Amino acid sequence: VRAEHLEVPQLLGLLSEARELVAPAGGALANMVFMPAGGRVTALYDSNRPPSAESLSIDYLCRASGHRFATAAGTPQAPDATAYSVPLAVLQEALRA
């Protein structure tokens, strides 16, 4: 689901039933506050650009919201690209954490 394409009521409806939230490391992960407690939040990031301490502070928000937190590192699609891909095995491992 691409949250940026949803209206707020639609997004809140989905999040209120979500057990997993997977998104690039950053502000989108704060949507976890609308999930029921006990969910899992997984931050995706480029292994060449690890998340900053600020974005990893989402871990504290996870704990306060009753969620588990994991990260999954991807690899850049090109040396100078901002796009990256996370191998399925890496994502599956993070989701099992």
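Begin by selecting R40: at 10% relative accessibility, this arginine counts as buried, because the cut-off for that word is under 20%. Keep in mind on this tour that you are looking at a predicted model.

**Stop 1: R40 and its partners**

With R40 still highlighted, add E20 to the selection. The two form a salt bridge, and their closest N and O atoms are 3.2 Å apart. E20 belongs to strand 1 and R40 to strand 2, so this pair ties together parts that lie 20 residues apart in sequence. How accessible is E20? Its relative accessible area is 37%, which makes E20 partly exposed, whereas R40 is buried.

Now add F69. Its C-alpha atom is separated from that of R40 by 5.9 Å, although the two positions lie 29 residues apart in the chain numbering. F69 is found in strand 3, and with 22% relative accessibility it counts as partly exposed.

**Stop 2: the sheet**

Switch to a cartoon view and colour the strands. In what order do the 4 strands lie in the sheet? The order is 1-2-3-4, in an open sheet with mixed pairing. Strand 1 and strand 4 are at the edges with a single partner strand each, so one side of each has no neighbour in the sheet.

Walk across from strand 2 to strand 3, which covers residues 68-76: these two run parallel and are joined by 7 bridges. To see one residue pair here, select Y45 and then A73, its bridge partner in strand 3.

Carry on from strand 3 to strand 4, residues 84-85. Is this pairing parallel or antiparallel? It is antiparallel, over 2 bridges. Select P76 and look across to strand 4, where Y84 stands opposite.

**Stop 3: T42, inside strand 2**

Go back to strand 2 and pick T42. This threonine is buried, with a relative accessible area of 0%. Which residues does T42 touch, once its neighbours within four places in sequence are set aside? Show them in groups: L21, V22 and A23, then L29, then A70, T71 and A72, and finally L91, A94 and L95.

While you have the strands on screen, it is worth looking at which way the side chains point. In a regular strand they alternate between the two faces of the sheet.

**Stop 4: the other salt bridges**

A search of the whole structure finds 3 salt bridges, and the one between E20 and R40 you have already met.

For another, move to helix 3, residues 58-65, and select D59 and R63, which both lie in it, 4 residues apart or about one turn of the helix. Their closest N and O atoms are 2.7 Å apart in the salt bridge. Which of these two is buried and which is exposed? D59 is buried, with a relative accessible area of 18%, while R63 is exposed at 55%.

Then jump to R2 and E4, whose side chains meet in a salt bridge with an N to O distance of 2.6 Å. R2 counts as exposed at 55% relative accessibility, and E4 counts as exposed at 54%.

Between them in the numbering, select A3, which is placed in the segment before helix 1. It is partly exposed, with a relative accessible area of 30%. For a sense of span, draw a distance from A3 to P87: they are 84 residues apart in sequence and 22 Å apart in space, C-alpha to C-alpha.

**Stop 5: a nonpolar patch**

Turn on the surface and select V8, L12, V33 and F34. Together they make a nonpolar surface patch of about 340 Å². Zoom in on F34, in the loop between strand 1 (20-24) and strand 2 (40-46). F34 is partly exposed, with a relative accessible area of 42%.

**Last stop: confidence**

To finish, colour the model by pLDDT. The protein chain averages 88, and 94% of the residues score at least 70. Where is confidence highest, and where is it lowest? Helix 1 (residues 8-15) has the highest mean, at 95, while helix 2 (residues 53-56) has the lowest, at 64.

Methods:
Residues are numbered from 1 along each chain as its sequence is written. This is a predicted model: local features need pLDDT of at least 70, side-chain atom pairs count only at pLDDT 80 or more; totals for chains, interfaces and linings use all residues. Side-chain values use heavy atoms; hydrogens and water are left out. pLDDT is the predictor's confidence in each residue, from 0 to 100. Patches are made of residues with over 30% relative accessible area and no salt bridge: like charges are joined within 9 Å, nonpolar side chains (Val, Leu, Ile, Met, Phe, Trp, Tyr) within 5 Å. Accessible areas come from the Shrake-Rupley method with a 1.4 Å probe; for residues, only the protein chains shown count as cover. A salt bridge is a side-chain nitrogen of Lys or Arg within 4 Å of a carboxyl oxygen of Asp or Glu. Buried means under 20% relative accessible area, exposed over 50%, partly exposed in between (1.4 Å probe, protein chains only). Two strands pair if DSSP finds at least two bridges between them. Contact means heavy atoms within 4.5 Å.
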